[in-house]
Structures are given as C-alpha cells and as structure tokens.
Amino acid sequence: MRKRIARRYASERRFKFAGLFAVALSGAFLAFLLFTMMGNGLRGFTRTEIALQIDFPASPLLLDPANITDAALANANLPMVTGQVARQALGADADELLSPTAWISIRDAIKADPAILGRTVTISVPASTTIDLAAKHEGAPEAEAAVERLRKAGLLTTGFNWSFLTASDGTDPTQVGIWGAFKGSLLTMLVTLALSFPVGVATALYLEEYAPKAWWTDIIEVSINNLAAVPSIIFGLLGLSIFLNFLHLPRSAALIGGMTLALMTMPVIVIAGRNAIKSVPPSIRDAALGIGASPVQVVFHHVLPLALPGILTGTIIGMARALGETAPLLMIGMRAFIATPPAGISDPATVLPVQIFLWSDEVSKGFVEKTSAAIIVLLAFLLAMNGLAIYLRNKFETRW
Amino acid sequence: MTEPTNPLAIANPKMSARDVKVFYGAKQAIKGVSIDVDMDNVTAFIGPSGCGKSTFLRTLNRMNDTVASARVEGTITLDGEDIYSPSMDVVQLRARVGMVFQKPNPFPKSIYENIAYGPRIHGLAHAKADLDVVVEKSLRRAGLWDEVKDRLHDSGTALSGGQQQRLCIGRAIAVEPEVILMDEPCSALDPIATAKIEELIHELRGRYAIVIVTHNMQQAARVSQRTAFFHLGDLVEYGVTGDIFTNPTQERTKDYITGRYG
Amino acid sequence: MTEPTNPLAIANPKMSARDVKVFYGAKQAIKGVSIDVDMDNVTAFIGPSGCGKSTFLRTLNRMNDTVASARVEGTITLDGEDIYSPSMDVVQLRARVGMVFQKPNPFPKSIYENIAYGPRIHGLAHAKADLDVVVEKSLRRAGLWDEVKDRLHDSGTALSGGQQQRLCIGRAIAVEPEVILMDEPCSALDPIATAKIEELIHELRGRYAIVIVTHNMQQAARVSQRTAFFHLGDLVEYGVTGDIFTNPTQERTKDYITGRYG
Amino acid sequence: MTGPALFLLLAGLGAIAWVSARARALRLQTVARETGRRDAVHSLPGYHGWYVALWTLAPAVLFLAVWANIAPGLVTQAVLADPAAQSLPMDDFSRSAILGEARSIATGAQAGAFNPLAQGLVEPYRAAISKYGVAGAVLAIVLAFAGGAYAFTRVRPDFRARTRVERLVMATLLIASLLAIVTTVGIVASLLWESFRFFSMVNPLDFLFGTKWSPQSAAMGYGNEDAFGAVPLFWGTIFIGAIIAMVVAIPLGLMSAIYLTQYAKPVVRKWMKPTLEMLAGVPTVVYGYFAALTIAPALRDFAVMIGIHGASSESALAAGLVMGVMIIPFVSSMADDSIAAVPQSMRDGSLAMGATTSETIRKVLIPAALPGVVGGVLLAVSRAIGETMIVVMAAGLAANLTLNPFASVTTVTTQIVQLLTGDQEFDSAKTLAAFALGLVLFVVTLLLNIVALRVVKKYREAYE
Amino acid sequence: DQSGSGGAGQTRDQIRAVGSSTVYPFATAAAELFVQGNPGMKSPIIESTGTGGGMKLFCAGVGAQHPDIANASRRMKKSEFDMCATNGVKDIIEVQVGVDGLAFAEAKNGPDYKLTPKIVYEALAANPYGKGPNKAQTWKDVDPTMPAIAISVFGPPSTSGTRDSLAELILEKGCQSDPAMKELKEKNEDEYKATCTRVREDGKYVDSGENDNLIVQKLGANPNAVGVFGYSFLEENRDSLKDIPINGVEASYETVSTGQYPGARPLYIYVKKAHIAAIPGLQGFLNAFAANWSPDGALTKRGMVAAPDDVRKASAETVKALTVLDGSQLK
Ligand SMILES: Nc1ncnc2c1ncn2[C@@H]1O[C@H](COP(=O)(O)OP(=O)(O)OP(=O)(O)O)[C@@H](O)[C@H]1O
Ligand SMILES: Nc1ncnc2c1ncn2[C@@H]1O[C@H](COP(=O)(O)OP(=O)(O)OP(=O)(O)O)[C@@H](O)[C@H]1O
Ligand SMILES: [Mg+2]
Ligand SMILES: [Mg+2]
Ligand SMILES: O=P([O-])([O-])[O-]
C-alpha cells in the first residue's frame, strides 16, 4: 500500500512536471523568437556614417547659391562631386565605402542651409552596406580592415538611424525606412476599423438581442462562424475577383486592403461582441423592460454600455490579427515597391508585414537586419495592442 | 384533475384575466386561468414549484413577450382595456404595470440613476429639479431614503440584498405604475430584509394594485388579503387569504397547505 | 450572540473536532466548533442557509483544501490521528472519509466504471473478477443492484436523479470508507427517491459513521440520532435528535425549529 | 458650393429640425398630459426630434449620393462643349487624362499642369463644377426642407415617433448582419466561377485524385494531363498542418492548459496565459521569416548530422514545427474552455474518492472534456491548413508524396500564391487552378468548422 | 492619387509598373533614380507579379486604372500581344533594358564543379533524349569526369521567367548535342519541348521559390549542391559563393554581358504609348532607365548586366523615338 501511494505520487509529480515543461517550452519558444528577432533587428536601427569634408567653393558644383531649388539641386551634378570628394578624402576605393546615395545627405545639407556653399564643411554621409555591416562585425575581412582604417582616422560613427523611422521603401538598405509601410498599415487599419467595427457590433446586437429564430438567422449565424475560420488567403482571392476585377477599385490601395481585412475582422468582432453581450445578465434586460423601456432602449442604454469593454477587447484582438496579415494583401497588389508614402486611402500603399515580406526577398545583405528591425516595429505595435486588450479585459472583467 | 373554480367576483377589477392559457412551444404552462385583481387588496399567488405562478404573473405585463416560444391565449384587461390588443403599446403597458423580480436586479449605475431612469425614458420629469423630487419621493416610498440619502451617487449594486430589492421597488414606483407585480421578492433575502419588504408592501397597499408570488405560505398569510393557489397550470382556488389557509375548499389546496407536498 | 455550547460527550469518537475555525480569505465561516462523531449514530447538521454546514462538513475530509482561499484552524482527528498533520496523506484520508454531494455527480462513464474507479486507483482490486465482486457488493449496499444489474455498461449519467445519487453512494462505499459525509444528498431529488435514500442511510448506519447535512428538519428527524444546529458559523446546539426537536435548550434553535426564520 | 460647406449646412438643418421638432413635441405633450390620459403622450420629445431630423437629412443625402454619380458626367459634357475643348486629342485616354488633370487643377488637388492643353480647360472646369455644384446643393436643400416639413406636420403627442425611429435602427442592424451572407456569397461566387473554368479544362477527378502535381507541365506547355493531380498538395497540407503541427501543438497546448488551470498559482496563470497567447498574435510573416532563416537551416544541419540523406532546407518539419508553435494557444485556450466547462462537481467527486489531482485530470476531466478538446483541435487544424505565409516562406515547392519530415513538401496555400504571382500566361489552367485549390480549401475548412462547432456545441449542451 | 469616376477625366500622377520579379530590383532602382533626378515627382510603383501576371494586368486596357509598364524577363508572347490588342492596347513600346545572367554557383568550399550544357541537361532532364526516366544519381553517372557526388540543384520554380531561361539557354543547348533531337524539333515541336526542357521531379532538382536569398543560404549549408539563379545574387554573395564555369567560361560581368557565359537573357520593359502623353513623368522614367543601363551605370551596380552596345543603342533610340513594337516579330 505504501509503495503504491509512493508510485501514485511519483506519477502525480511527473504529470505536473510535464505540464510545467509544456508551459516552459512554449514560453521558451516565444522568448527564443523574440530574442532572435531582437538580436538581428536592433542593429537595423543603427547606421554607420562617414564624415566627409567638402570644400564647396573649390568643388565643381553647378549650383547658384542664390537659387537653391529642388530642380537646381537635381541638376547640380552632386553625385559626381560627391564621388570626387570622397575619392580625394578616402582613397580610390571610396565608391565601395560610401552608400551610392550618399550625395543625398549632402543635398539635404545644402537645402537645409545654403550658406554652407561658401565654406568648407564636414558632413556625415551614410556608409555603404558592406562597411555598415563590417562596422557591426558582420562583414568580410577586407571590409573590416577598411572599417579599422576609417575608425583610426576618426571618420566613422555609428548612431541611431532616425531615417529608418522616417523614410520609406528604397533600394539601398542604408537609406530605407518603414514610414511608408507604417502609414499604409495605419490607413489600412483605419479603413478596416471604420468598416468592421460598426457592422460587427450591429450584427452582434441584432443576432444576440433581436434576431427571431428562423432559417435565415441560422444562415447568418453559420456564415459568420464560418467566415471567422476561412483562411485569410481566401479573402485575398475574394478581394482580387470582387474588388479589383469586378468593381475595378484602385489596385494596391489601402482602401482595398482595408476592405478585404474588414471582411476578415468583422466576424471576429461579431463573435467577441456576442459573447460580451451574452454575458450581460438577463436580469438587467428584465429590469429595464419591466419599467417600460423599449427593446432598442434596453440595448442602447444598458446592454451595449455593459458589453462595450468586451466588444472592444475583441475588436482590438481582431485588429491586431488584421495588422499582422500578409497573405490576402499579396493577392490585391500590395506586394509592390512604393517609395512615396500614401497620402490617402485610395493611394497605392503597402503595409508593414508585406514590407517585411518584400525585404526578406531583397538581394542586398543589408536588408536582413532591416527586415528584423521592421519585424520589431511590427511586434512592438502588436504587443501594444494586445497589451491594451489584456488591460481592458482585466480592468472591466465583471462577475455578475 | 382540473375542477372548475370560482374566482372571487370583484366589482371593479383593476386587472382581469379570462380563460388565459399560456404555452411554451407545445407545452402548456397555464391551462385556462380566470382571475380578477383589485386596487385595495394585495393578491398572493402560491403553489408548488413549476406550477406556473411566475408564468401567469408575467403575462400580466406581457414580459412573456420576451420569451420567443411563449404564446398567450384568452384575454387580460387593464382598466377594461385588452392588453394584448394590437393597439396596446407594450412599453406603456409595462410602465403602468411595474414588476419586481426574484433576484434584486439594480442597474450597475448610481442609486440616483437607477430611480431616475424610468421617469427619464417616459418623459415624466425633465428638469434636474423635477427628477430630484421624483427620486426622493420614490426612495421614501420604498423605505430606502434614510439609508441612502447621503450616497445617492454610489452604485446601486453596492447595496445589501435587501436594500437592492427596495431599490428595485423604488425604481418600479418611480414611473407611477398602477399595478406592481412581485415575483418572490424576498426569496433571496435574509429574515430582517424580508420583514422590511413585507412592511413596505403593507404601506404600498391601496395606492397600487399589488400581486405577489411567494412560495412561503407564512409570508402569503402575512402580506396578502387575497390568495390564489396554483397547481400544475391550474388556478385551483382563489379566495380571501384567511379562508384559504384556514378553510380551503379544495383537497389539493389543503394537501399543499398542510405540507403534504411542495 | 455566541453562547458556549456543550457538545455531546462521546466516549470513543470516530472523528472529533476541537475549536475548528474556517476562514475564506478574511471572512470567517466557522467560528470555533467542537464536535464528536461516532460510529453508531447518524449525525445530522441543520441550520439556515449560509451558516457553514457545508463548510464544516468539507473540513472533515479536507475537501476544503481545493478552495484556494480556505484556511482551517483547530484540530480534527480521525481515530485519534490529526488529519491536518503534515504526515497525514490527504489521498488516503479521503479514501477513509468518503463524501456524497448535494447534486448527484456520477462520472460520465459506465455504471460499472463509476464504481470501479475508486477501487482501481487505490489498488483495492486488480483482477477483473475481483473488481466485479467489488462492484456488485457496492451496488447491492447502495440498493441499486437490482435496478442496474442488466445495464452495468450504460452511462451513469443516463440514470434517474435518485438512482444517480445511490450510484454516488455506491461509489463512495466501494473504497470501503470508515466515515461517509453527505451534503444535502436529497435536495435535488423527488420525494420517492428521497425516501429510498433515507432508507439506505438506515441500512448503512452502524457499518459507517455517517454525517448528513440537511435543510429539511423532518428529514433530520427521520434519519439521524444526533443533530447539530449551526447558525452564523457557530455550533449553537448539539444533542440527541429527539431532544433537539422537542426540547431545544437554546433560544435560537427554538426560533429556527418553529419557523421564525430560515 | 463646396462639399464641406454643404455638409455643414445640411448638418445644421438637421440640428435645427431636431431642436424645433423636439420643442414642439414638448409643448404639445405638456398640454396633452395636463388634459389627457397618460397614454395620450407616446414618445419622448427627443424621438420626435430624431424623426424629423432623419426626414430632413435622409432624402437630401440620398439625393446627393446619386448626384455625385451623375454630376461629373454633366460637368464633363459642359466642358467638352466649351470652345477650348476643340483642340483636345481624339484618342480616349489622353483626352480623359487631360480632362482629369484640368479637373484636378480646378479643384485644387494639383498645382501645375503636366499637359499644356489642360491649363486651358481649367476655367471651363471651374465654371461647370461650380454651376452643377450649386444646382446640386439647391436641390438637396429643397429636399431637406420638404422632408423636414412633411415630418414636422406629423409631430403630435400621440404620434409614435419612437416606434418609427426604432424601426430604422432595427433595419440598420439587420442590414449589417446580412453583410455576412453577402461576404460568403462573394467568396463562393469568386471561387466558383474561376474553378468552373478550370474544371472545363481539367477533369475534376484527375484534379482531386491525381497523384502527380507537375505545374511545370502546364506552365511550360507540356499539356494538362498529369499536371494537376492535387493529392500531393493535399498530402503536404495535411502533413504539415494536421500532422506535424498538431504533434507539436496538441501535447504542448493541452499540457499547458492543464498546468495553467489545474496546478499553477493564480499569479503564474495571470501572467503566463496572456504570454502564451502572444504566440498566436505574432504575425505569420514573422514566423515565416523565422522558420525560413533560423529553424529550417538548423533542422537541416541536424538532419545531416544524424545522417539523413536528402534532407531539404525547406523541410516539412521546419514549417510544421513553427506552425505548431503558432497553434499552441488555439489548442490551449479551447482545452482550457472545455476543461473549465466540466462541472466542478466531477472534480470534487473524484477528489473525494481519494484520487490525486493528476488521476482526476487524466481519468475524469480529460475524458469528460474530450469532445470539446477534439472540437478545439479540429478548429486548430482548419486554421493550420489555411495558414499561408509560414509555408510560402518556409515550405518547399516540390510536390512530393513523402513521409520523410526532412523532405520538402508543398501545400495548397503555397501553390495558390505561386500560381497567382508566377510567370503565367493568363487564363491558363494554371492560374485558374489557384481558384480551384482555393475552393477545395474553403470547402474543407468549412466542413471542419461545421463538424467542430457541432461537436463543441453538443458537448456544451450536455452540461447545461 | 487615382481619382475619377464616371468614365471621363481619369488620371494618375504616379507611374505604375507591374511584372517580373527579376526586373523588379532594377525597376525599383530606376524608379529611385527617376525621383532623385525629378524632385517633386511621386515615386513610381513597381509591383512584383511575375512576368505573366504582369502581362495580364498590362494588357487589360488603356487608362488610368491599368499599369503603364510591364516588366518582363522574357519577350512578350504573341498571344499576349494579341490579348493587348483586343483590349485596345495597340501601341506598345518594347525596350530591352539589360541582360540577366543565369548563374551557376556553388559554395566557397564546394567541389569545384565544371559544367557544360550537356551535363546539366543529362543531369536534370526528366527524360533525357526521350530514352526513359532519368536514372542518374550522381554527377559521375552523367559524366565520368565529374565527381561521384549526388546531384542536387537548387533552381528557379517553374512559375518564374528565370526557369524559362534555364530551359532555353542551357537545357535545350545540351539536348541538341544529340542530332536526333534537332530532327525531332522539326518533326514534333511539342515532343521536342517536353523532351528537352522538362525537368525531373524526383527531388534532384529543387524548386526553390522566389526567395533567392534562401538559395544562397542553402548553398552555404550544403557545399555539394549547385545553385541556379540571377547573376546579381552571385555578385552580391561572392564572399560565400563562387561561380561554376560553363564550357570553361567563368561567370563574370564581362562574360555574361558579352554572352560568352551561356546563361544570359534579355530583360524588357513594355510601355503603353498611349500613356506617355497622359501620365506625368513616364517619359522621364524611361529616360532614367536609359541613362543608367550602361556598363558603369547605377543599374549595373544593382547587379544588372548591361546589354551589348548595339542593343543599348537601339533601345536608347526606341526610348527617344517611342517606336512601336511590331507584333509579327513575336512568337
Ligand atoms: N422559458 C420557458 N420555456 C419553456 N418552459 C418554461 C419556460 N419558463 C417556464 N417554463 C415551464 O413552465 C412551467 C411553469 O413555470 P413557472 O416558472 O411559471 O413556475 P413557478 O410556479 O413560477 O415555479 P417556481 O416556484 O419554481 O418559480 C414549468 O414547468 C416550467 O418548466
Ligand atoms: N469558496 C468560498 N469562498 C468564500 N466564501 C465562501 C465559499 N464557500 C462558502 N462561503 C461562505 O461561507 C459561508 C458558509 O457557507 P456554506 O456553504 O458552508 O453554508 P451552508 O450552511 O452549507 O449553506 P447552504 O444551506 O446554502 O448550503 C457562507 O457565508 C458562504 O457565503
Ligand atoms: Mg417562479
Ligand atoms: Mg451547503
Ligand atoms: O518574375 P519572373 O522574372 O521570374 O517572371
């Protein structure tokens, strides 16, 4: 008997340990994922720059200091001048050291302060990807040597890369940023929210509070449950054939992306909404009906306010899912190079996850860390949303 | 089993039901009940669990409309007007025939808002001052004013069970109903709170027609002047409370009152 | 309100509680109860709702351990051994002190498996034949054998309420406990099923120490030889059942028994 | 009149309608209440306000919606009638481009003209736009007044304004819920038509039961036979989504749920549960990237190390593993729900018999919760087989019928993406095959979900 | 901003290009250069849809809602041209912007393969010379001079234009080493095609998806494997990869651009002439291409191989004169 008890306790401990192990393993996987992304991605937020001394009066710039316009700057032969200056300062391999678009930094400096045209100034310009990677100890031996040389000369600085947050897609990894995709995500989410929230809440209210028991309400219910589980890529096919091919709405636009994602998010909101509405105790409805409130008043005065935290939680979760969604957007033309941030919902746009997908496919190795950095931005965004949902849930969790 | 019973003839009934049958889907819960309710007396419905007391009570202000499967036959009148006629506005009917439920169910709002809600949606008071008057009056009538007057803006759900139930009665009173229906209003309460509610019913009597469902025969005896005994969907006996308890005419009533079943 | 009471002195108690206090978080549900339970008598716990009958009952086989917020003070012994001592094995304790709940809760398995579950986990029977014997014996003792012997492999949940409750008693018996605790075992049953259970308790008496919680005083009178009256966490009075019902020494007991409250 | 100004004006009219109708109702009702019975007054004054405001706004807004669609045509006609339009090129597109540019400049959306011809049309455009703008605005305002006046005359104490307004609210709610059906119909329609065309080129039986998927055949013009046997895709989908992913997700999800609900301290549960839920919140493109660049190479190295030949770096295992991790929270939350739905009395019953916690869980709770758990797993499977980005990025394209988890397989969703974004002649069976695959996917997940929901529901009822 | 409804007056102030994923990096580079040279213009939108998908969108019609440019890693097909014409896209300008090298590569520590089109064909064909399924397991099975290493080739998927090039530039050449195949071509084009270009599907050839970075990674992890991809990827990853000579010719910028290295194919963009006048900047975008496609231009820095001088000259002429494509030249 004693032995038997001991055995049973041992099995109890094993079982409990298996549970703990499962939790720990799942948690560890998450930690590993986040850690890997952080490890790769944090580097993406920094950029290596090389200080370049330019003697403007002596340079063969075709620029009239009195007439600094965009067009004038574009025709001022800046790329060539930059190349020359760089070769003088850094040696023959300067082209390898500087980003091919380094001259843009000089252009912007001139634009910001045309007065510098009259003197010699030192401007920090982005280093090439090879140098950038080498400065972060990821590069080839030759590049590392070059970095060493530049460091010794005190020309090299590695600092936070603000332009990663303010620039848009591009071809040079040292110059790209996520602002365009971020804005695209924002616009898309706005459309999604504006469409799916009212419709979702209205549907949830109708089904939970008013719908008669009839065949067609059953159909609505089945469709909604089903839509919540339809693979997202199918929504992409829907967007492709209905919104693009049939309705001829503008391709690649945040509008279409938002509409497609709204169809996907709406059932999530309906289901969360129905659960929230269901958890409002019937006694509240009875109470209101019992003193002569009409069914619409009952819902809008009592049920909806009480269910709102739950509905909001569901909405945030649905929106978070939509924010991370990629597959359907590939089908509707958002897999595109869009370097001008969208100004409105009908402008061509891309979104963060698609940008990640695009960058993961880029040739240049500098994009690896940019991809991870973009992932960090996306994850931070999502964590914030999920955190808000959890906060709401905990704050308003009511036991009746 | 169903013997015809002779409901008390009441000269000028406030509400009157004639041959009312209620079905839940195919199941019949009320099998042809006729009864009159008047202003001057408190009417108690008693009977074993599941006999249809609540069901019948809820037909009186059409709360059964909210149950999709429920269907009502027969006529029920309020001041002679058929409450199931299409021209009857249910919302207004419920304002005239108020209801208090078994479990106190205050809105999760302040005490003040609980009372003010009804007058507001019925347009009985517009200015803040008017509302204040209505709230105070209703809480006074519900015997709650002294206990809550300093914390009108606390949540109604923070009150004790008995206070909550009185709040619900006050809320019903606030829309100036003519009839108040109470479905086992004390069953969730402790003895002291129960006593307070019973006292309150005494005070309200005469001003409103009151119908109370209870499974506690002592309570029926204490608060009511008329008692109706239901069994399996039938109104078995209806009469002056004293008579029913001391001298029931029906065998089933007697069995129930002496505790043979239930 | 708390007057000291003199629990029945029992010479050789099966279980014995001394100054037991139970807290749920900060709230005290049992305020120092001392009581002895013996083999030869059925002990009934009565008292108004919420007075702590169930709480106290569950301390007797440490089922309260499953409630995270519950905390027990004082000593409880089984055959003189402290059941809350660290050396006491809860699993074995519960095998010795069985429990039957208010709502019949058969496992969603076959009747056979319901009974065989306990013997199996405790290793009381290994071979199929042994198990068969145990199952039959337990079902016979629970007075259920004749009704179910032809459908031992039907689901236990397919039985009627009364049969389910007897199945649960049989399940408890199957691990050969010394004490059986029953928490309102008949409150979910109809009168006929109730009568069967009461009969069963009569038959089991003497073989097991039996403690039964009930809110039905007639039932307490019918099945028990000792009655303990609880009120607001106190053990107000404990004595021979006949005395308690005809001649209570405490005012509160009297009020309760005559229906002043509850 | 510009859009915003008209909008403000209408909003103002609506507000005036609301205020005046409400005031009138209030006055009439006060009188009625003093004289008449209490039901002489039906609706709150506010409802009368809404009723009249709706009548004021709805017709005008509806009219404007229609007007917005016909006015541009009228404007263009007017501009074309202008002498300056004579010099426009005849070809349709340049013409409409120039017109469009002129309009953009006229409305201020664009500053300078790209096409010199556009500049000349700006003035006519401006004139026409303002002409038709004013016309539309006047008509809208007239309509608003007419509607408002009609409704205003109906304000009476016993008029059931509340009923009318509420009926509109109900209609709105109903229409919203019908949108779900419209979406479903949209999906089915968009898949069905193209699939139909595909099946007119490829025998459905060959498609469903063929064991050779060789898209190069169709892609490169080797003919359609033998090219569209989708069984390897179905197998790949099942292998990754329903087998490997589930082998990861079911034990981890189930045991996590058990540990967190039955053993963990409340604090641990409070923090761990949302933490694990984050696994489902990570975007799938991130998982895909992670699977392709971190997990897959590691697995391949591992396979080579233990001597497995033909290990591919696009192994089914890499995609399945990562997908399994993604699915853990689905399984665990469904398991959590179903275990929680087993009545506490079952647990008490078992514990009271002297069972240990793990015995109670294994022998009572899990068997009782099994239908719910199964339902949850089915839902997770349907989610896994519809998952796209992970497999697009980490699973291969080789349509192998293999049991080797280190080999490369392909899935339905991967192929859909490939087929629609590859170098295909349009209208080839190949592009259309994407829709046929989509249809199959839709039908399968639909069935899985129906079954799963049935199972879960039935099981819930069993305890209610 | 894409505005306009009701038929008349649609316009767009952003250039739209769709099509090949191979041309995509060069088109994006051109787009960037275009914006740098024309400040104030919005950046063109380049969508990577694959050549065929791009053609479908391109040929759907003329107007603001249709793209202006189709990028292609192969020449437009006759059927596509006809479809364009049916939809009113009549005047199409064809510009060859450069050349993409099809590179064969192995890991830095690889076994130093030396390949010929014939070896590649015999190793990869599904049905070499129509003599039944390919049974070769190792390179040695194909050619005794090769090492006895299991055949494993990572290459473009059948959905890509790059795969077309592999078939056309390498496989067919290898196939034609057998004179019987040349005859077959005359007799039965379809059978010839199947025999000469169909690739085995038993796992020796691995369809490697669109993500060429992955191929690079895989080669690093698997030194015995051969990778086939765009030359630009080889250039970018010289630190971890080395090229495999074909017919003894090393893949370098020169050999690819002169066509000595066998894997070279033209890259095109197709432009709607009707859009040139209507879409602001379209001409400028073409000019940006033309200005940067020379051997020392920015596009070649991105990995594109410049076309031979005469082709470049002709293309520049086309861009200037906007010469329209004659459909009868197409296959
Ligand atoms: N919504 C419903 N649907 C179907 N049947 C119902 C419904 N409500 C009540 N019933 C049934 O109608 C009968 C009468 O129920 P009712 O609630 O009126 O009884 P009661 O007398 O109030 O009982 P109690 O004392 O338990 O409250 C019962 O058999 C009950 O099961
Ligand atoms: N899990 C718990 N957590 C907190 N308080 C509890 C818990 N269980 C019971 N209580 C409280 O302890 C007190 C005693 O409860 P108990 O269930 O023992 O009463 P009872 O006499 O069995 O009542 P009844 O006749 O209603 O079953 C009550 O006030 C109850 O609210
Ligand atoms: Mg009732
Ligand atoms: Mg109890
Ligand atoms: O995208 P493709 O170049 O392979 O057509």
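Two residues are in contact when heavy atoms of theirs come within 4.5 Å. Keep that in mind as we walk through this predicted model.

Let's start with E314(D). Which residues does E314(D) touch, leaving out those up to four places away in sequence? Within chain D, the partners are A394(D), A395(D), G396(D), A407(D), S408(D) and V409(D). The list then carries on into chain E, with V206(E), D207(E), S208(E) and K218(E). If you want to find E314(D) in the structure, look at the loop of chain D that links α10 (284-305) to α11 (316-341). Is E314(D) buried or exposed? Its relative accessibility is 5%, so E314(D) counts as buried, since buried means under 20%. Now try hopping from E314(D) to E166(D): you travel 148 residues along the sequence, and the two C-alpha atoms sit 59 Å apart in space.

Next, slide over to chain E and pick out A136(E), in the loop between α4 (117-124) and α5 (139-142). A136(E) has a relative accessibility of 10%, so it is buried as well. Again leaving out residues up to four places away in sequence, A136(E) touches D141(E), V142(E), I151(E), R200(E) and K204(E). Measuring C-alpha to C-alpha, E122(E) is 8.1 Å from A136(E), with their positions 14 residues apart in sequence.

Let's zoom out to whole chains. Which two chains share the most contacts? Eight pairs of chains touch, and chains A and D have the most contacts among them. Some pairs don't touch, including chains B and E, whose nearest C-alpha atoms are 47 Å apart. Chains C and E don't touch either, and for them that distance is 51 Å.

Chains A and D also meet up in our next stop, on the surface. R13(A), R14(A), R362(D) and K363(D) form a positive patch there. Two helices each give two or more residues to this patch: α1 (2-41) of chain A and α13 (357-386) of chain D. Take K363(D) as an example, sitting in helix α13 of chain D. Its relative accessible area is 33%, so K363(D) is partly exposed, a label for values between 20% and 50%.

Finally, have a look at chain A for a patch of another kind. F17(A), L20(A), F21(A) and L25(A) make a nonpolar surface patch of about 390 Å². One of these residues, F21(A), is in helix α1 of chain A. With 46% relative accessibility, F21(A) counts as partly exposed.

Key:
Residues numbered from 1 in each chain as written. Chains lettered and ligands numbered in written order. Predicted model: local features only at pLDDT ≥ 70, side-chain atom pairs only at ≥ 80, totals over all residues. Heavy atoms only, no water. Helix = DSSP H or I, 4+ residues; strand = E, 2+ residues; numbered from the N terminus. Buried < 20%, exposed > 50% of the residue type's maximum accessible area, 1.4 Å probe, protein only. Patch = residues over 30% accessible without salt bridge, like charges linked within 9 Å, V, L, I, M, F, W, Y side chains within 5 Å. Areas by Shrake-Rupley, 256 points an atom, 1.4 Å probe, with all protein chains shown as cover. Salt bridge = Lys/Arg side-chain N within 4 Å of Asp/Glu carboxyl O. Lys, Arg positive; Asp, Glu negative; His and termini not counted. Charge placed at Lys NZ, Arg CZ, Asp CG, Glu CD.
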